[in-house]
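Biologist: I am new to this structure and would like a close look at a single part. Please take the salt bridges and describe them in order.

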Amino acid sequence: MPAGEFLSETDRRAIQRAVTMAQEQADCDFSVCIDEADGDPRAYAERLHAGLVAPERSILVFVDPVARRLEIVTGPQLRRHLDDSEAALAALAMQTSFAAGDFVGGLTQGLQQLAEHARRPEMLHFDQG
Amino acid sequence: MAPDRARGGRSRVGILTHVTTPVTTPATTTDALRRAARITAVAAPLTALFAAAPALADTPAAWEEAEPMSTLTALLIFVGGPLALFAVISLLAFAPSILRGDRQRRGVASWTEPAWFGSEVGRSEQPGRELEAGDRQPGGASARW
């Protein structure tokens with residue numbers, strides 16, 4: 001099925017908007033790829049992630065709508081702030097939305113959650129009030 | 001009963017203890033309280049009931065008689081109203097998923113070309129490469145639906 005039937009133009013714009021907002025919020029690279037995986041989805045997603053310009057500070061959300069698999073790949077530099085359990089929580093939220101049929105809403109919410117965790121927290125020092 | 005020895009031990013026969021237990025009269029405090037509580041519990045609601053007699057009165061004679069509501073009107077208001085409210089709220093709750101249609105839940109049979117979203121600088125030109133031994137491991141999570 002061509003991507004256009006599954007995702008309407010409105011859907012695509014909404015996803016792009018969510019990605020842009022996530023990038024602004026977390027100050028790291030976000031990518032979303034919706035494709036049919038060639039082989040094991042996890043390995044395929046990690047290969048795609050490694051092919052990004054700056055994989056060590058990139059997050060890739062890979063969705064395989066045929067196999068119904070979702071993979072989140074976080075770059076090593078980001079794992080300091082966004083550890084695997086937080087990524088698992090975002091994945092769970094997305095999985096729930098996808099199962100209910102809300103693809104765009106699930107992606108938006110998941111990206112927002114990842115961006116919030118990946119954002120480096122502001123350092124508040126005692127002597128600065 | 002205290003033995004009569006308390007009186008200086010002059011009597012030779014004293015009562016050490018009673019063999020038969022005397023029948024208790026309501027003179028004991030706890031029993032009296034219980035009895036009073038029992039009477040109050042019965043009397044209070046009855047008093048309240050009869051004291052509220054004015055509530056049983058009819059409307060003042062000076063007011064005009066209202067027409068009794070027909071069965072149809074009553075049915076319409078008390079049954080139809082909640083049902084209509086129920087329908088409206090359900091519609092509001094389910095409207096987004098109805099409008100969206102079923103396609104995204106059912107999934108797809110095949111996918112022709114990849115759809116990428118993200119800043120264009122994020123994607124390098126070369127195709128994905130295998131992880132080398134020196135690379136630090138990426139993390140993340142997986143899920144299926």
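Modeller: The side chains of A:E71 and A:R69 are joined by a salt bridge, with 2.9 Å from N to O. This is read from a predicted model. A:E71 counts as buried because its relative accessibility is 0%. A:R69 also counts as buried, since its relative accessibility is 13% and the cut-off for buried is under 20%.

The pair belongs to a wider arrangement: a network of salt bridges links A:R69 and A:E71 with A:R42 and A:E46. Within that network, A:R42 and A:E46 form a salt bridge of their own, and their closest N and O atoms are 3.2 Å apart. Both A:R42 and A:E46 are buried. They sit in helix α3 of chain A, which covers residues 41–50. Four residues separate A:R42 from A:E46, about one turn of the helix. An α-helix has 3.6 residues a turn, so residues three or four places apart point the same way.

Another salt bridge in chain A joins A:R79 to A:D84, where the closest N and O atoms are 3.0 Å apart. A:R79 counts as partly exposed because its relative accessibility is 30%. A:D84 is likewise partly exposed, because its relative accessible area is 30%. Over all chains, the count comes to five salt bridges.

For the surroundings, consider another helix of chain A. Helix α2 of chain A spans residues 9–26 and has 18 residues. From its first C-alpha to its last it reaches 26 Å, close to the 26 Å expected at 1.5 Å a residue. The buried residues of this helix include A:D11, A:A14, A:I15, A:A18 and A:V19. A:A22, A:Q23 and A:A26 are also among them. After α2 of chain A comes A:D27, whose phi is positive, near 60 degrees.

Chain B offers a nonpolar surface to set beside these charged pairs. There, a nonpolar surface patch of about 750 Å² is made by B:M69, B:L75, B:L76, B:I77, B:F78, B:V79 and B:L83. One of these residues, B:L83, lies in helix α2 of chain B, which covers residues 71–100. B:L83 counts as exposed because its relative accessibility is 54%, and the cut-off for exposed is over 50%.

To return to the part you asked about, the network of salt bridges links A:R42, A:E46, A:R69 and A:E71, while A:R79 has its salt bridge with A:D84.

Key. Residues are numbered from 1 along each chain as its sequence is written. Chains are lettered from A and ligands numbered from 1 in the order in which they are written. This is a predicted model: local features need pLDDT of at least 70, side-chain atom pairs count only at pLDDT 80 or more; totals for chains, interfaces and linings use all residues. Side-chain values use heavy atoms; hydrogens and water are left out. Patches are made of residues with over 30% relative accessible area and no salt bridge: like charges are joined within 9 Å, nonpolar side chains (Val, Leu, Ile, Met, Phe, Trp, Tyr) within 5 Å. Accessible areas come from the Shrake-Rupley method with a 1.4 Å probe; for residues, only the protein chains shown count as cover. A salt bridge is a side-chain nitrogen of Lys or Arg within 4 Å of a carboxyl oxygen of Asp or Glu. Helices (H or I, at least four residues) and strands (E, at least two) are DSSP runs, numbered from the N terminus. Buried means under 20% relative accessible area, exposed over 50%, partly exposed in between (1.4 Å probe, protein chains only). The expected span of a helix is 1.5 Å times one less than its number of residues.
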